[in-house]
Amino acid sequence: MMQPIVNVENLSHIYMQGTPLEHRALDQVSIQVAEGECLAIIGHTGSGKSTLIQHFNGLIRPQSGTVIINGMDVSSPKIDIRTLRRQVGLVFQNPEDQLFEKLVGDDVAYGPFRMGLPLEEVRRRVQWAMDLVGLSFQEMKDRPTFALSGGQKRKVALAGVLSLQPKVLVLDEPTAGLDPRSRLELLDRIRRLNREEKLTVIFVSHNMEEVAKLADRVYVMANGQSVCEGTPRQIFGNQELLRQHHIGTPESVDILYRLHEQGYSIDPSAFLPEETAMEILKLLNR
Amino acid sequence: MTPQPIIRVENVSFAYQVNQDQQIPVLQNVSLEVFPGEYVAIIGHNGSGKSTLSKHLNGILTPKEGDVIVNGINTREKQRIHEVRSRVGIVFQHPDNQIVATIVEDDVAFGLENIGTSAEEMKTRVDFALEAVGMSAFRHRPPHHLSGGQKQRIAIAGILAMKPQVLVMDEATSMLDSYGRQDILAVVRKLHREGMTIVTVTHHMSEVAEADRVIVMEGGRIVLEGTPREVFSHQERLRELHLDVPDASRIAQLVHSEYSEFTPDLIHNEEVVAEVNRLYVRQAEASGS
């Protein structure tokens with residue numbers, strides 16, 4: 001890999017250290033993300049995924065180990081945290097809960113406005129960001145944020161982060177709670193940001209269909225450690241590992257595995273429904 | 001004698017007031033009956049009114065027009081709202097909004113404290129509820145340090161401790177990973193087997209496949225209703241409504257379109273596996289004879 005844009009080495013984090021409630025959330029985690037990559041981090045609830053990504057824009061500083069983002073050392077006390085946060089846009093779970101302006105356009109403009117950019121540039125960026133997430137600038141900029149649907153609110157929140165023009169976009173469960181239509185649309189938007197705008201994307205997900213569709217590469221986390229890394233096909237092909245770490249598989253993979261376990265010769269890494277149907281047809285000589 | 005419905009929704013309409021002269025209609029003349037021991041799933045895309053409907057089931061919202069009757073009590077009767085809520089408990093999508101205490105077991109006991117349950121009974125119920133959601137080991141932890149999925153299990157435990165007759169899940173599993181979801185579904189299945197009435201609002205079609213009856217909403221109205229198998233057989237209609245079908249149905253239909261012997265209206269993973277077995281064995285027999 002060329003110089004990674006995100007380089008995490010031996011990162012550990014303990015919550016409430018020195019108290020009876022001490023909890024080791026991260027244990028010697030090392031991960032590298034190349035520029036332009038789309039990386040998924042998966043793992044059982046409580047495996048440390050969210051703690052890990054909060055290091056990427058300095059919300060949590062490393063207790064031990066290093067986090068280097070685009071050459072900036074997050075543990076350094078001298079780091080300019082605002083510069084870091086302009087480079088790494090973090091979209092939390094349910095970002096729609098964090099909209100605070102009354103109007104859509106104002107909410108998206110908040111970041112660039114606070115950066116002290118000239119008004120014309122702020123406007124240009126808001127238009128650009130809203131366009132990227134599929135919100136019409138003309139139609140939506142003066143819409144009250146409370147009257148939006150869940151999917152629309154999430155797009156507004158995403159646009160608010162994009163308006164800072166980050167190099168790395170970090171998303172925590174980007175489509176959780178969205179209906180199937182909004183989910184597909186948002187996935188498509190994220191993929192385009194990655195492929196066309198060359199944004200490095202890191203996302204945490206428990207939706208394996210989403211990981212299968214979006215990710216170039218996957219890290220599997222368990223008990224605060226990074227236990228495995230590979231392409232979605234490699235990861236989903238390793239049912240043992242996923243079971244061991246309580247990670248679900250796409251439903252279609254579940255069907256293939258059940259068949260596989262019954263002794264049919266079948267390729268269990270065919271993780272899309274269409275591929276699964278093909279495998280079944282092959283099995284039945286059709 | 002036909003059984004009495006435990007919840008009766010009669011011609012309910014509801015609108016959110018945006019400002020003085022603008023209203024957004026959310027429910028339009030919805031009627032629905034839920035019978036004791038039933039497992040009902042409500043689906044529809046965001047904005048179809050399904051969450052608003054679920055909030056009517058225990059009087060969080062009261063209809064603009066029409067009535068909601070829970071066990072004979074109209075949810076408009078404000079002085080009896082506690083009776084309604086002791087029968088119908090709702091678990092919501094976002095766990096953070098439902099957690100009130102600083103220690104897990106206190107949070108689960110919160111509702112019980114409010115209704116003056118004895119300490120002994122409280123302990124029994126909290127034990128039961130935490131056990132049911134698989135969180136007993138966390139009872140002395142502060143909830144805000146739990147992960148989202150774990151918090152949601154605590155929220156569900158808080159409702160279970162109240163022993164309601166009807167458990168309403170408003171996208172309660174949508175923030176959980178698939179194992180977390182399976183855990184919760186196993187709990188729900190068990191409660192349902194033991195006689196609890198379940199109403200679930202969900203986007204997860206494999207979850208819908210478990211219900212006795214599915215209600216499909218669009219534009220604040222009920223547009224389709226039936227068993228999961230009936231509803232998922234309308235793939236075209238569901239696509240128009242921007243709804244999914246379970247992967248198992250999708251795969252069964254894809255295989256069926258190439259190989260007509262393969263039964264198309266399957267909805268569970270096990271059914272697809274069994275159907276492959278059936279046809280495989282038949283082929284083996286045919287070539288053997």
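Here a trainee asks a mentor how the labels on this predicted model are earned.

Trainee: Before we start, how are things numbered, and what does a predicted model need?

Mentor: Residues count from 1 along each chain as its sequence is written, and chains are lettered from A and ligands numbered from 1 in the order in which they are written. Local features need pLDDT of at least 70 and side-chain atom pairs count only at pLDDT 80 or more, while totals for chains, interfaces and linings use all residues.

Trainee: Why is A:E37 called partly exposed?

Mentor: Count the C-beta atoms, placed from the backbone, within 10 Å of its own: 20 or more others makes a residue buried, 12 or fewer makes it exposed, and in between is partly exposed. A:E37 has 19 such neighbours, so it counts as partly exposed. You'll find A:E37 in the loop between β2 (23-33) and β3 of chain A.

Trainee: What makes a residue a contact of A:E37?

Mentor: Two residues are in contact if their C-beta atoms, placed from the backbone, lie within 7 Å. Leaving aside neighbours within four places in sequence, A:E37 has A:T200, A:D216 and A:R217 as contacts. Take A:D216: it sits 179 residues away along the chain, yet the C-alpha atoms of A:E37 and A:D216 are separated by 6.7 Å.

Trainee: What makes β3 of chain A a strand, and how covered is β3(A)?

Mentor: Strands are DSSP runs of E with at least two residues, helices are runs of H or I with at least four, and both are numbered from the N terminus. β3(A) takes in residues 38-43, and six of its six residues are buried. One side has A:C38, A:A40 and A:I42, the other has A:L39, A:I41 and A:G43, and both faces are covered.

Trainee: How do you know that β3(A) pairs with β8(A)?

Mentor: Two strands pair if DSSP finds at least two bridges between them. β3(A) and β8(A), residues 200-204, have four bridges and run parallel, so they pass that test. One of the partnerships is A:C38 with A:V201. β3(A) also pairs with β9(A), residues 217-222, in the parallel sense over five bridges, where A:G43 is partnered by A:M221.

Trainee: Over in chain B, what makes β6 and β10 edge strands?

Mentor: Chain B has an open sheet of six strands in the order β6-β7-β8-β3-β9-β10, with mixed pairing. β6 (88-91) and β10 (221-226) each pair on one side only, and that makes them the edges. Inside that sheet, four bridges join β3(B), residues 39-43, to β8(B), residues 197-201, in parallel, and B:I42 has B:V201 as its bridge partner.

Trainee: How do you know where the domains of chain B begin and end?

Mentor: The bounds come from an automatic or database domain assignment, which gives domain 1 (7-245) and domain 2 (246-289). Their C-alpha centres lie 35 Å apart. The contact between them takes nine residues from domain 1 and seven residues from domain 2.

Trainee: And which residues make up the contact between the two chains?

Mentor: Chain B gives 42 residues and chain A gives 40 residues. In chain B, α5 (148-160), α6 (178-193), α10 (247-258) and α11 (269-288) each supply at least two residues.

Trainee: What makes a residue on the chain B side nonpolar, polar or charged?

Mentor: Ala, Val, Leu, Ile, Met, Phe, Trp, Tyr, Cys and Pro count as nonpolar, Asp, Glu, Lys and Arg as charged, and the others, Gly among them, as polar. Sorted that way, the side of chain B that touches chain A has 17 nonpolar, 18 polar and seven charged residues.
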